[in-house]
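The following exercises concern a single protein model. Please work through each task before reading its solution.

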Amino acid sequence: MIDWIADYYETVEKYPVLSQVTPGEIIDQLPLNAPLESESMDQIMADVNSIILPGITHWQSPNFFAYFPANSSGPSVLGDLLSSGLGVQGMLWATSPACTELETRVLDWLADMLQLPEKFKSTSTGGSVIQDTASSAALSALLAAREKKTNYLTNQTGCLGNLVAYISEQTHSSVEKAIKIAGIGSNNLRLIGVDEKLAMRTDLLELAIKQDLANGLIPFFVCATVGTTSTNAIDPLTEIGNICQQYQLWMHIDDAMSGTAAICPEYRFILNGVELADSFSFNPHKWMFTNFDCNCFFVADRSVLIKTLSILPEYLKNQATESGAVFDYRDWHIQLGRRFRSLKLWFVIRHYGVNGLRFHISEHIRLAQQFAGWIDSSDDFNLMAPAPLNLVCFAHKKGNDFNRQLLDTINKEGKMFFTHTMINGQYILRMCIGQTHTQIEHVRQAWETIQKTAIEIILKST
Ligand code: PLP
């Protein structure tokens, strides 16, 4: 299997990046019933090659520029494999002490790598936990904020119904989902307008909070984003943090992809203001060479989180928990059971070293900036949003329908894969550079493909 994966990485560029199958094409090739008798690994792998591979969109291709990346690396795959092999279920410290203690130490390393304030470290009042996704982290933050604001009564009595949360029009949909799941209700979610850089407007935030207070409602939670999904906009953390402190709101920072950039000293400025936050989350599984899934969720005061999520049935009681000397990470997130995810993070950080990570991340940003420069000096394309890091938003001057056709045509050809967003009625193309093996030649080829295809479409239509 290791050989198969190694070969795959070596040859990944020969596949169309976006899977070209039609709906139902894969399932129609799979038997309706499970086999009664054992099948050989050779038979299974033959089906992987003939049935499964055509249905794969190749996220690990250096020509993958879509969405935000979910990149990976050799050490990460090996760490994940080791985790599978050990088969540990690390719900409690007692169910595998190494699973908890490695996680605690590696996340404290990460806090230092990101220059987070001391309060986010396990050696202080806070700490961090690995979750599956940024969506789960946002939900955990929201629940802790809800309980803190209602003096832990909502957990007992059910939702009080007058709590209000604030996000920007550009915040990721996962926060709205969390609002629904947490019983806050989307009617109690305010979408704050954005400025010309598509970052949250703090004058509108403060106005909305004041209005809600005047109406007898209870503002309790703000989610600020560093690197919005559509355009990588960066909300003003310090201003938002000051407002949160003034009105006693929980401030959560969603830094799902872009957080990785803060490992580089020259991009650490994106986290200025994080010292005012109550919680912060980013996904090494997007851009930090750690394969899906791996979200790191930091809190400034772990006691709030634990008090919100802790449940101790008889069958989980044990001496270590009762001693209070250990972390039981099942109290830090929604689910009980948990995989040994810190292994892959540990492998990645040790394999690259902090300097190696910095090198690769800043290289991605350099490539994106080069691409943005080509767009900027082109007669036919416009940059459509600031490109502070590794995402470039652009559009051909010929308008929405043309851009849609351009994207579809290129993605169908399979040489590269990129995606779009919609801002103020404009269809915008997004190129995100963060795949582990993307080099200058891939970015240059992508730019050539985009220009050539645009010309072909124009010629065809005349
Ligand atoms: N927040 C932002 C800014 C994102 O871009 C994304 C996904 O791309 C998410 C949250 C949700 O990520 P996850 O899949 O880890 O829940």
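A nonpolar core is a set of buried Ala, Val, Leu, Ile, Met, Phe, Trp, Tyr and Cys residues joined through side-chain atoms within 4.5 Å; buried means under 20% relative accessible area, exposed over 50%, and partly exposed in between (1.4 Å probe, protein chains only). The model is predicted: local features need pLDDT of at least 70, side-chain atom pairs count only at pLDDT 80 or more, and totals for chains, interfaces and linings use all residues. Residues are numbered from 1 along each chain as its sequence is written, and side-chain values use heavy atoms, with hydrogens and water left out.

**Exercise 1. Determine which residues of the largest nonpolar core touch the most other members.**

Step 1. The largest core has 69 residues, and Leu 110 and Leu 345 touch the most other members. Helices (H or I, at least four residues) and strands (E, at least two) are DSSP runs, numbered from the N terminus. Helix H13 (residues 342-376) gives the most to this core, namely eight residues.

Step 2. Contact means heavy atoms within 4.5 Å. With neighbours within four places in sequence set aside, the contacts of Leu 345 include Val 106, Leu 107, Leu 110, Ile 130 and Met 288.

Step 3. A second, separate core holds 31 residues, among them Val 175, Phe 220, Phe 327 and Tyr 329.

**Exercise 2. Compare the expected span of helix H4 (residues 97-113) with the distance between its end C-alpha atoms, and state what its buried residues pack against.**

Step 1. The expected span is 1.5 Å times one less than the number of residues. The 17 residues of H4 should therefore span 24 Å, in agreement with end C-alpha atoms 24 Å apart.

Step 2. Buried residues of H4 include Val 106, Leu 107 and Leu 110, and also Glu 103 and Asp 108. The packing partners of the buried residues are strand S1 (127-131), strand S6 (279-282), strand S7 (295-299) and H13.

Step 3. Just after H4, Gln 115 has a positive phi of about 50 degrees.

**Exercise 3. Establish how the buried residues of helix H15 (residues 440-461) are arranged about its axis.**

Step 1. Among the buried residues of H15 are His 442, Val 443, Ala 446, Trp 447, Ile 450 and Ile 457.

Step 2. Viewed down the axis, the buried residues fall within an arc of 155 degrees, so they line one face of H15; the arc is that of the directions from the helix axis to the C-beta atoms. An α-helix has 3.6 residues a turn, so residues three or four places apart point the same way.

Step 3. These buried residues pack against H13, S8, S9, H14 and S11.

**Exercise 4. Give the strand order of the open sheet that contains S8, and identify its edge strands.**

Step 1. Two strands pair if DSSP finds at least two bridges between them. The four strands have the order S8-S9-S11-S10, with antiparallel pairing.

Step 2. Strand S8 (381-383) and strand S10 (419-423) are the edges, since each pairs on one side only.

Step 3. Three bridges join S8 to strand S9 (residues 391-396), and Leu 383 stands opposite Phe 394 in S9.

**Exercise 5. Is strand S4 (residues 218-225) largely enclosed or open, and which strands pair with it?**

Step 1. Seven of the eight residues of S4 are buried, so S4 is largely enclosed by the rest of the structure.

Step 2. Strand S2 (residues 163-168) pairs with S4 in the parallel sense over four bridges, with Val 164 opposite Pro 219.

Step 3. Strand S5 (residues 250-254) also runs parallel to S4, joined by five bridges; Ala 224 has Ile 253 in S5 as its bridge partner.
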